[in-house]
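Please open the model in your viewer and display the side chains as sticks. The tour below moves from one aromatic ring to the next.

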Amino acid sequence: MPEESRAATLTTERLYLRPQQVQDADVFRRLWTERDERVPTHRRLDAEGHPTVAEIADDIRQKSVRGRPRLLTVVLRESDAVIGYCGLAFDDDGERPELAFELLSAVHNRGYATEAGGAVIEWAGEAGFPRLWASVWDWNRASRRALEKLGFVDTGTIVKESVYGRSLLTVREPTG
């Protein structure tokens with residue numbers, strides 16, 4: 001399969017997931033404004049309002065490297081509205097793909113994270129990454145529930161522990 005075809009759009013019943021575009025920066029900044037106060041400060045807007053839309057757009061430009069699954073923009077098929085992201089983030093050595101997702105609060109509790117996650121799991125398997133990890137805050141029950149529906153199991157390992165809570169490591173083993 002050519003490298004560029006791995007960046008193809010994924011389609012589900014209600015969503016499509018496509019490579020991130022600079023225009024998505026506006027919605028991604030809204031995600032920063034909606035984050036729970038228990039999220040560590042480096043993942044929330046700082047006192048000066050950083051990251052800005054321009055900074056997020058620059059980040060998208062820099063990360064638009066092709067050739068391996070990565071974070072994709074999640075779009076509602078019925079309206080073409082961007083609602084968040086879902087995809088894979090890799091650790092520093094590039095060997096451990098982690099499923100990551102974040103959606104605007106206005107679309108929570110509709111099964112979109114599970115639907116997008118299922119498409120990414122299939123995409124990851126086709127790209128040679130059948131085993132996936134995901135870390136999730138112990139207090140984030142909605143994300144923990146979505147991960148369980150996607151076949152992730154809590155390993156009992158705490159990735160980090162701080163005043164923000166405990167980040168739990170989950171894993172999804174290859175099936176079949």
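**Aromatic rings and their neighbours**

Begin by selecting F90, which is partly exposed, with a relative accessible area of 22%. Please bear in mind throughout that the model is predicted.

Next, add F129 to the selection. This residue counts as buried, because its relative accessibility of 16% falls under the 20% cut-off.

Before the rings are examined together, consider how many aromatic pairs there are. The count comes to three. Two of them are visited here, beginning with F28 and Y85.

Select F28 and Y85. Their ring centres lie 6.0 Å apart and their planes meet at 85°, so this pair is edge-to-face. F28 belongs to helix α1 (residues 25–34) and Y85 to strand β4 (residues 82–90); with these positions 57 residues apart, the pair links distant parts of the chain. Are these two residues buried or exposed? Both F28 and Y85 are buried.

Return now to F90 and F129. The centres of these rings are 5.2 Å apart and the planes stand at 65°, an angle over the 60 degrees required, so this pair is also edge-to-face. F90 is in strand β4, whereas F129 is in the loop between α3 (112–126) and β6 (132–137), so the contact ties together parts that are 39 residues apart in sequence.

Finally, select W32 together with R35 and R43. Which residues lie over the face of W32? R35 is placed there at 4.4 Å from the ring centre, and R43 also lies over the face of W32, at 5.4 Å from the ring centre.

Terms used. Residues numbered from 1 in each chain as written. Predicted model: local features only at pLDDT ≥ 70, side-chain atom pairs only at ≥ 80, totals over all residues. Heavy atoms only, no water. Phe/Tyr/Trp six-rings, centres within 6.5 Å; stacked < 30°, edge-to-face > 60°. Helix = DSSP H or I, 4+ residues; strand = E, 2+ residues; numbered from the N terminus. Buried < 20%, exposed > 50% of the residue type's maximum accessible area, 1.4 Å probe, protein only. Lys NZ or Arg CZ within 6 Å of the ring centre and 35° of its normal.
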